[in-house]
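Let's walk through this one together, a question at a time. Have a look at the model first.

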Amino acid sequence: MTGWRDGALCAQVDMALFFPGKGESCAAAKSICRRCEVQFECLEESVAQAIPHGIWGGRAAVERRRLIAARHRMQQSFNNEQEVA
Ligand code: SF4
């Protein structure tokens, strides 16, 4: 099977880096993500699936939840504008 995961840089390192424990740094994982050629695809899949754990696409779960919330607000704003127009 081929797909964006074939380009995942994290497949070459210890995956535990991407699932830091409470209070542990996620800086090392994010540094790897910044150099990963499939960062965008990875982030989009994790957002689409609302994956609740780990570092995906260079973002921690709390950052992905903020991104999802921001997108919902933008969509709601767009919908409201369409209703007024
Ligand atoms: S962006 Fe990060 S988590 Fe996603 S595939 Fe690349 S290295 Fe792995």
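Q: Is cysteine 42 buried or exposed?
A: Keep in mind that this is a predicted model. The cut-off for buried is 20 or more other C-beta atoms within 10 Å. Cysteine 42 has 23 C-beta neighbours inside 10 Å, so it counts as buried.

Q: Where does cysteine 42 lie, and which residues does it touch, not counting those up to four places away in sequence?
A: Cysteine 42 belongs to helix 2. With residues up to four places away in sequence left out, cysteine 42 touches Trp4, Ala8, Trp56 and Gly57.

Q: How many Å lie between the C-alpha atoms of cysteine 42 and threonine 2?
A: In sequence, cysteine 42 and threonine 2 are 40 residues apart. In space, C-alpha to C-alpha, they are apart by 14 Å.

Q: Which residues make up the largest nonpolar core?
A: Cysteine 42 is buried, and it turns up in this core too. The core has five residues in all. They are Ala29, Cys33, Cys42, Ile55 and Trp56.

Q: Tryptophan 56 is in contact with which residues, leaving aside its neighbours within four places in sequence?
A: Tryptophan 56 is part of the largest nonpolar core. Once the neighbours within four places in sequence are set aside, tryptophan 56 is in contact with Cys42, Leu43, Ser46, Ile51 and Arg64.

Q: Which residues come nearest to the ligand, and which elements give two or more residues to the shell around it?
A: There are 14 residues around the ligand, and Ala8, Cys10, Cys33, Cys36 and Cys42 come nearest. The elements that give two or more residues to that shell are helix 1 (27-34) and helix 2 (39-48).

Q: How many charged residues are in the shell around the ligand?
A: Sort the shell by class and you get 11 nonpolar residues and three polar ones. As for charged residues, the shell has none: no charged residues.

Q: Why is the protein described as more spread out than a compact globule?
A: The elements run α-α-α from the N terminus on. The radius of gyration is 15 Å, and for 85 residues the globule rule gives 12 Å, so the protein is more spread out than a compact globule. Along the principal axes, the C-alpha trace spans about 50 × 35 × 20 Å.

Q: What is odd about the phi of alanine 50, and is the residue buried or exposed?
A: Most residues other than glycine have a negative phi. Alanine 50 is not a glycine, yet its phi is positive, about 50 degrees. The residue sits in the loop between helix 2 and helix 3. With 10 C-beta neighbours inside 10 Å, alanine 50 counts as exposed.

Q: Which residues does alanine 60 touch, not counting those up to four places away in sequence?
A: Alanine 60 is also placed in the loop between helix 2 and helix 3. It has 17 other C-beta atoms within 10 Å, so alanine 60 is partly exposed. Leaving out residues up to four places away in sequence, alanine 60 touches Cys26 and Ile55.

Q: Which element has the lowest mean pLDDT, and which the highest?
A: For the protein, mean pLDDT is 96, and 99% of its residues reach 70 or more. Among the elements, helix 3 (residues 61-84) has the lowest mean pLDDT (96), and the highest (98) goes to helix 1.

Definitions and conventions
Residues numbered from 1 in each chain as written. Predicted model: local features only at pLDDT ≥ 70, side-chain atom pairs only at ≥ 80, totals over all residues. Near = placed C-beta within 6 Å. Nonpolar A, V, L, I, M, F, W, Y, C, P; charged D, E, K, R; others polar. Core = buried A, V, L, I, M, F, W, Y, C linked by C-beta atoms within 7 Å. Buried ≥ 20, exposed ≤ 12 C-beta atoms within 10 Å, placed from the backbone. Contact = placed C-beta atoms within 7 Å. pLDDT = per-residue confidence, 0-100. Rg over C-alpha atoms; globule rule 2.2 N^0.38 Å.
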